[in-house]
Every structure is written in structure tokens, then in C-alpha cells.
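Biologist: Before I trust any label on a structure, I like to ask what earned it. Could you walk me through yours?

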Amino acid sequence: MKGISVSKGVAIGKAYLLDSTKFCIIKHQVSEIEVEIEVERFRQAIEKTKLQMAEIKKRAEKIADKYAVILDTYTLLLDDDILVNDTIENIRKHKTNAEWALTQTLNNFLKLFDNINDDYLKGKKDDLDLLVQTILKNLIGHSQESLSDIHEPVIIATHSLSPSDTIMMPKNFVKGLVTEAGGKTSHVGIFAAALGIPAITGVKEITSKINSGDQIIVDGIDGEVIINPSSETLQQYEKKQANYRKYEEHLLTNINQQAETLDGHQVKLLANIESNQEVKTLHKFGVEGVGLYRTEFLYMAATSLPGERELYEDFKQVVQEMGDQPVVIRTLDIGMDKQFGDARNNDEDNPALGLRGIRLSLAKPHLLTDQLKGILRASLYGNVKILYPMISSATEIIQANAILEEAKNQLRLEQIPFNEEIEVGAMIETPAAAICIEHILKEVDYISIGTNDLIQYLLAVDRINESVAHLYQPFHPAVLRTLKNIMSSAEKVGKKVSICGELGGDPMATMLLLGLGKIDSLSMEPHSVPKVKKVIRTIRLEEARQLADDVLEMSCPDEITSFITNAMRVRFPEDFDRDISFEQKLNPA
Ligand code: PEP
Ligand code: MG
């Protein structure tokens, strides 16, 4: 099966099918006294579900009355004597937990549906199933099957993986990831790349084709999944896996070398991190600093909002670990595919265009103050920079900087020292920021281009929707022109430019990016650093500029993509020719 490769390498192992929409219910016997407690718990879950359904109906009515009518089915089912009374009877008769009793009622109902010869009523089966899952969620108090139950090495296959799932996952047991949902820059890829495990998204129907325990190969190099391979195929892939490992090891021999072109232009190669635990391993890849600390995972993992002190402790640890190397800490960029664990703001109809990034921080200034105070306090221990996400006008930077001044004043009053000269930067990831780049540059010390979002908003292509993943084209002329314009505007006023989206860490794009304009640093998943460095050390800036000039003449995204792919394959056959693939042809720099 084919998908989108989002993290390189080959994983071979046992599949663990995670159906996060369903629960694994275990039967518990309860004592005589506990029976009525279970009944009461069940009644409360029903009431809670009714309220939730009424709320959903209210929202649906805003869209169209006819949608709201569909939801009446749920309300009717909840008032249905059979569903409620049968479950209560089951609890009393069998003396079991409410969850178990409810699933028994559901199973009886589903059997009834199977015997009905009416397509309309059969369609209601899914409604009932969905409703029961909602009641179960209210009974259990959380929405997902627990990943922390995994105690052996597995490859996870699932429809989608929420950021809170990734946080829960026992990292040392997860050897690979396959999802049905997700595009090229979904958080699944970012997470998998950070852990160095192969991952593929957009594999349609994988969850219906696979069973837990099946042997599975995840080829994150060519974006392929093989279920229950023959022994011959297995051998081939074991060789491919070993070759890729060797290739990566060889690449690591450049970790102490500079990322410098043959004609002497240097680029700093920095790491994107999602948690302070990653910092200890960064030196292995020859990283020269942290170019993007995505702090939202700190919030998603927490049961309550982390305050100034907690944030400060976390940042301080990262900064101290990095010594005098730069650490760019991005203020909270919650929203869209990254939501709070308990869904505190995910009731938006269009979250990609909603209250995300700096917008949320400005709407809740106390939140931003805590973040900034945490960052300021950590700035005393190294070379810290502040980065604001999702900026769409200079005004937002001016407002955020006013809150920064206030945070500095508070620290001065509290007599807590910090770096008074701390640099402030803006993410350039909205078309508005790219078009008004001159205004933005006036308000900041540096900029960092977030290509993941910039591409999504420029091309109007959802970065996490697998159905439009083929339209998510980093080499689209609109993207390349925008990047060139941003870089030349920054160069004119002498402000530094970093690229921290996935494109910045894609070795296939490195030569083109360098040719488009002046780049001071590229920030990426640390595993990509050696390969990007290899490209930089093998080219001349002049040639890169020629490549970019040639490409900027082209109008067709596909034409540019194949032009770049071919150019890179010819130049670096051992790196880009189906990667290291099944053959052993090692020749790293
Ligand atoms: C980006 O948008 O390119 C980026 C680096 O930020 P994130 O992927 O966290 O949105
Ligand atoms: Mg972004």
C-alpha cells in the first residue's frame, strides 16, 4: 500500500492496530452496594450526552436546519427506554460495571439491526454505534484507548494520531507509524522524525486491511507499507533497512564539519525540538543550536496550564544544555492540528483560520505574559531568542512587544535578572506577513520562515488533509517567488533569515533554497542535519543561484519538482536515487 513518506527509514515488526474511536471495554464484577452507584453513573453519563447532543444541535442549526434534524435521531435514541432501561437492567442483573452493561445492550441492538431488511434502518446502526461511543467516553472520562498499555516493540497503524496520543506513547516501544489521515507536514511526521522512526501518512484503508499482530514493513524511504510479506520480500527489506542504517551512520561522520559551500558561504544548521528531552541527543547530529522550540507540547501534555515557573524551569534546562549556542523559543502556537489535551479551544469550525498562534496569546494576555516571563528568566543562562508564531500584521508584533515590555517590568520589580538585549523574531507563515514583509522587518530582530503553514495558506491546501496532499507543492512557483521576496527584503535591511518549516530540512530543496537568497540558518528535525550539510558542503553558491534562476522561469509546479528531483539525482545519485534503496552504494561526504 502506498502513502506519503513523512519520516525516513525502514521499520519491520508487529502491527498494533489503534482504533482510537473505539474503546476496549473490560468486564468488572461489582458488589451489591456498588450496583446502584453504577446505575447512577450511567444515568449521569446519559444526561451529559444529552446536553452535548443539544449543544451540537444548536451549532448545527446555525449551519442548516436540515443537519439539525439528523441529530434528532440521537436525542430519540437517548430517550429510548430500551437503550437506557436495558442497560440498567443489565447492570443490576449481572452486577457489572456500566461500561460493560452498555456494550451488551449495544450488541443486542446491533444484532436486531442485522435482521432488519430495511436499508434506512440499517443506516441507523452507525448512528447508534457512534452514540454509544459518546456515552462510553462520558462514562470513562477520556476519549481514547490507552497507548500506555503497549509493552513490546510495535508499529502503530491507526486512522489518525492526536498530539496527545503521541505524548502518551511509550517511545521506546514504537518502531514505526502508519496513518490513514495526514499530509506531508502533519504533527505525526514531525513527531516521528524527532524520534527517528519511519512513518507514512495518507495510507487509505490501512485500518481495515490490517490486524493487530500482523507482520508489517513500513518503508519510510519510498512511502510503502507491506502487510504479511513473503520471506523473500522480508529479506529484501531487511537488507534495505540495514543499508539505510549504515548510510545514516556514514553521514554522521560530518558532524564536526562546518555547513559551508565550496565557495565559502556558511549556513547554521539548527534543530527543531518539541520537548526538552530531545536536547540531550542533539550533539549526535552536529546541530549548532535550537532554531525552533515548539512549546505547545508542554501545554498539551499538562492537565493544567503550565505557569511562569514551570515554563522557566523547562526552558532553563534546554538553554543550559545548549551552552552558548542559540535557542529560539516560540511562544505558544496552539490551534489547528495541535490542540490542548482536554480540547479547551477546539470547537472552531475552521481552526486553521481561527484563534491560533499569536492570536490566542493576544486574546489571553496573561498566558503570553507567563510565557514571556519564563523565556526572559531562562535568557540569563545562554543565548535565548523569542519567536512569535502566526503573525499576520506588524500590529500583532507591536502588541506582543508591549506585553513583553510589561513582562520585563514585572521582572525588574521582582528583582529577577534577565537578558535585557533579548532578540525578538516573527514567524513568516501567512501570506499577509510575506506580502507586508517590510513592515514586519521593522518590528523584529530576525525572521523565521515557517514553510509548513506558509505553503498551506499560499496554496489554500490543508497541510494535514491527505486528499489534497498532492496539491501541497513546496516547489510551486508562488512559494518560490514568495521565499525569494522575503529573503531579499530581509537582506536589504540586514536582518537575519532562518527557515524552520519542513522544507528547510529537506535535502532535496537545500540547493534551491540557498540559490533563492541569503539564508543565515536552516532549522530542522535533527536527523536531517547531516544530509543537508552534505549537500551544502558539495555545492557552490553560484551554481545554486543558477539553479534557482532556471526554476523561477518555470510556471508549472510539477515541472519544477521533476526538474529539481532530476538535478539532485544526477548530482547526488547515492542520496536521491530512490535513496539508498535496496542496493548498497554508500558514498557519503
Ligand atoms: C511552520 O509552519 O512551518 C512551522 C515551522 O511551524 P509548525 O509546523 O509548528 O506550524
Ligand atoms: Mg506554523
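Modeller: Here is a round of questions and answers on the labels used for this structure.

Modeller: First the ground rules: this is a predicted model, where local features need pLDDT of at least 70, side-chain atom pairs count only at pLDDT 80 or more, and totals for chains, interfaces and linings use all residues. Residues are numbered from 1 along each chain as its sequence is written, chains are lettered from A and ligands numbered from 1 in the order in which they are written, and side-chain values use heavy atoms, with hydrogens and water left out.

Biologist: Fine. Why is the pair Lys14 and Glu152 called a salt bridge?

Modeller: A salt bridge needs a side-chain nitrogen of Lys or Arg within 4 Å of a carboxyl oxygen of Asp or Glu. The closest N and O atoms of Lys14 and Glu152 are 3.2 Å apart, so the pair qualifies. A search of the whole structure turns up 31 salt bridges.

Biologist: What makes Lys14 and Glu152 a link between distant parts of the chain?

Modeller: They are 138 residues apart: Lys14 is in strand 2 (residues 10-18), while Glu152 is in the loop between helix 5 (119-140) and strand 3 (154-158). Those element names come from DSSP runs numbered from the N terminus, helices being H or I with at least four residues and strands E with at least two.

Biologist: And how do you know whether Lys14 is buried or exposed, or in between?

Modeller: Buried means under 20% relative accessible area, exposed over 50%, and partly exposed in between, with a 1.4 Å probe and protein chains only. Lys14 has 38%, so it is partly exposed. Glu152 also comes out partly exposed, at 38%.

Biologist: What about Arg41 and Glu99?

Modeller: Their side chains meet in a salt bridge at 2.9 Å, N to O. Arg41 sits in helix 1 (residues 32-63) and Glu99 in helix 4 (residues 98-114), so the bridge ties together parts that are 58 residues apart in sequence. Arg41 counts as partly exposed at 27% relative accessibility, whereas Glu99 counts as buried at 9%.

Biologist: What makes Arg294 and Glu525 a salt bridge, and are they buried or exposed?

Modeller: Their closest N and O atoms are 3.9 Å apart, within the 4 Å limit, so the label holds. Glu525 is in the loop between strand 15 (521-524) and helix 20 (529-538) and Arg294 in strand 9 (residues 290-294), so this pair ties together parts that are 231 residues apart in sequence. Glu525 is buried at 4%, and Arg294 is buried at 4%. Elsewhere, salt bridges that share partners join Glu296, Arg330, Asp333, Arg356, Asp453 and Arg463 into one network.

Biologist: Asp453 comes up at the metal too. How do you know which residues coordinate the magnesium ion?

Modeller: Donors are N, O and S atoms within 2.8 Å of the metal (3.2 Å for Na, K and Ca); water is not among the atoms, so sites may look incomplete. For the magnesium ion (ligand 2), Glu429 (OE) and Asp453 (OD) are at 2.0 to 2.1 Å, so they count. Both Glu429 and Asp453 are buried.

Biologist: What makes the eight strands a barrel?

Modeller: They close in the order 8-9-10-11-12-13-14-15, with parallel pairing. Two strands pair if DSSP finds at least two bridges between them. Strand 9 and strand 10 (residues 326-330) run parallel and are joined by three bridges, so they pass. Within that pair, Val290 stands opposite Val327 in strand 10.

Biologist: How do you know that helix 18 (residues 477-492) has the expected span?

Modeller: The expected span is 1.5 Å times one less than the number of residues. Helix 18 has 16 residues and should span 22 Å; its end C-alpha atoms are 22 Å apart, which agrees. Its buried residues include Val479, Leu483 and Ile486. Just after helix 18, Gly494 takes a positive phi of about 70°.

Biologist: Where is there a positive phi in a residue other than glycine?

Modeller: Lys95 has phi near 50° and lies in the loop between helix 3 (81-94) and helix 4. Asn228 has phi near 45°, and lies in the loop between strand 7 (224-227) and helix 9 (231-251). Lys95 is partly exposed at 26%, and Asn228 counts as partly exposed at 45%.
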